[in-house]
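Here is a report on a two-chain model. It goes from a covered helix to backbone details and then to the contact between the chains.

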Amino acid sequence: MATSTHSLGYAGCNFLRQRLVLATLSGRPVKIRKIRARDDNPGLRDFEASFIRLMDKITNGSRIEINQTGTTLYYQPGLLYGGTVEHDCSVLRGIGYYLEALLCLAPFMKHPLKIVLRGVTNDQVDPSVDVLKATALPLLKQFGIDGESFELKIVRRGMPPGGGGEVFFSCPVRKALKPIQLTDPGKIKRIRGVAYSVRVSPQMANRIVDSARSILNKFIPDIYIYTDHMKGLNSGKSPGFGLSLVAETTNGTFLSAELASNPQGQGVAVLPEDLGRNCAKLLLEEIYRGGCVDSTNQSLALLLMTLGQQDVSKVLLGPLSPYTIEFLRHLKSFFQIMFKIETKPCGEELKGGDKVLMTCVGIGFSNLSKTLK
Amino acid sequence: VRKKLPKPSQEGGGRKLGPENIIGETSDVEDLFKEEEDYKEENNYSTETSGTLKWKEDLSRKAAEAFLRQQQATPNLRKLIYGTVTEDNEEDGGDPREEIGGLFHISQPDRECKHKADSLDCSKFLVEAPHDWDLEEVMNSIRDCFVTGKWEEDKDAAKILAEDEE
């Protein structure tokens, strides 16, 4: 990839992942200054250092320079290499934090990525592995990334603060992506979910299921929430429980919501009934927002549209999240791509809030490092 | 009342003075009546000759105003997203430092954008103002998102079947 282009400069630790991911895909170096410069504890945190190490593992020839206080990071991307990798993620953030970046990069590796990630599978901050498995994988399939080796498996579940979870992710490589036309989300035909519990009574999961169903049943009868109770070594190091819900539409759109219990020793104990009810309401909020892509995956969809063939891609989204808005700005500075953005008012229809139609022409990105067989 | 609208500038001036003076002095009231008669005459005059033209002028101005109002009401997402980028960069480039005695510079309290720069890096879109999903009307607002809701004309299975039979 081209290395002669000058580097892009940013300030602050926010949006670190998208900056490094876009830098890697575009081949442009980035320099991030003032990372928590005014903080009592300045510089990069453990989880960010772990993320940078992960980027180093999956690429070949990256140059990373961090100053002594950790407030400035220079990253010159190498080639995406892939292959079989293992990584111990920081327990300060969920595995979802790392997995989100991998989902953006995995299709463009030289060798198909097969990675084992260890850490926290479900927490209250990041999208859990369950949700990414249920929403991001079907989204990647829309772009033509599919195959037998495409899987995301939760081997062990780990809750904060101890972690101890394990996830296996493997993704095939593609030379080019298909453009998408997702303008009609269709209608929700079923709701699925996973109520999990580790190192607590398995009854917790059943109580969550009952309370969530009591709300969702008013809308649709086809609801099935699996209870997942992992035991022994597979249950990680800390107790906890939670619920993730996914609504599937007739056109293959997946909208999700999730909640997890407070980590051991932090905050008050949460009743499983309350958690189930609140999570069901969060799913209704997500349905109200609507669109063809779940709010956590908006940026993934927009990235793959940008990198697609030189053809028009369209996607209907709910309201843009702050993360997505910043991502759009970054796409402009890294790839010089600006989206056409049209607001679609909901009008008299009983289909939730206003939607946004995003249109762009792909830059025709092709994975040159993919080996021909 | 509507007929007076096309000439707001002259009438507005007379009216503003009106209410203060009415209380004590009758002559002013008489003046006011006279003025109003004048206006009526003027209006009649205008409707006879160039009434249609004036109406058209007014319409275009009104349309322009309505357009601007709508522009301001519905946020222009494109400008919101891409327009602010350049401003952010400029702010980073220029360092507005106030120095005291040429030695110390005042550390500016963090502005909103600075605060954003070091906040949590998370893709989740949190719900800031949750709806009350126990209310019937709120529940109805997403009713048609489900297969159990009302379908569009061209996709309604029952309608299509009925048409096929015919």
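The buried residues of α7(A) are covered by elements that include α1, α3 (95–105), α4 (129–142), β16 (312–317), α8 (322–335) and β18 (355–361) of chain A. Contact here means heavy atoms within 4.5 Å. Helix α7 of chain A spans residues 298–306, and 9 of its 9 residues are buried. Buried means under 20% relative accessible area, exposed over 50%, and partly exposed in between (1.4 Å probe, protein chains only). Among the buried residues of α7(A) are A:Gln298, A:Leu300, A:Leu303, A:Met305 and A:Thr306. Helices (H or I, at least four residues) and strands (E, at least two) are DSSP runs, numbered from the N terminus.

This is a predicted model: local features need pLDDT of at least 70, side-chain atom pairs count only at pLDDT 80 or more, and totals for chains, interfaces and linings use all residues. Residues are numbered from 1 along each chain as its sequence is written, chains are lettered from A and ligands numbered from 1 in the order in which they are written, and side-chain values use heavy atoms, with hydrogens and water left out.

**A covered strand and its hairpin**

Strand β15 of chain A (residues 254–260) is largely enclosed by the rest of the structure, because 6 of its 7 residues are buried. β15(A) runs antiparallel to strand β14 (residues 240–249) of chain A, and 7 bridges join them. Two strands pair if DSSP finds at least two bridges between them. One bridge pairs A:Gly242 with A:Ala260 of β15(A). The hairpin of β14(A) and β15(A) has 4 residues between the strands, and there A:Gly252 takes a positive phi near 80°.

**Backbone details in loops**

Most residues other than glycine have a negative phi, and most peptide bonds are trans. Two residues of chain A other than glycine have a positive phi.

| Residue | Phi | Loop in chain A | Relative accessibility |
|---|---|---|---|
| A:Phe15 | near 60° | between β1 (8–11) and α1 (16–26) | 7%, buried |
| A:Arg36 | near 50° | between β2 (30–33) and α2 (46–58) | 9%, buried |

A cis peptide bond runs from A:Pro160 to A:Pro161, with omega near 0°. A:Pro161 sits in the loop between β9 (151–156) and β10 (165–171) of chain A.

**Where the chains meet**

The size of an interface is often given as the accessible area lost when the parts come together. Between chain B and chain A, about 4700 Å² is buried, and carbon and sulfur atoms give 57% of that area. Buried area is the accessible area (1.4 Å probe) that two parts lose on being put together, summed over both. B:Tyr82, B:Asp121 and B:Phe125 supply 17% of the area that chain B buries against chain A, more than any other three residues. Chain B brings 40 residues to the contact, and chain A brings 61 residues.

How many salt bridges cross the interface of chain B and chain A? The rule finds 4. A salt bridge is a side-chain nitrogen of Lys or Arg within 4 Å of a carboxyl oxygen of Asp or Glu. One of them joins the side chains of B:Asp134 and A:Lys281 (3.9 Å, N to O).

On chain B, α4 (77–93), α5 (112–117) and α6 (136–140) each supply at least two residues of the side that touches chain A. α4(B) gives the most, with 7 residues.
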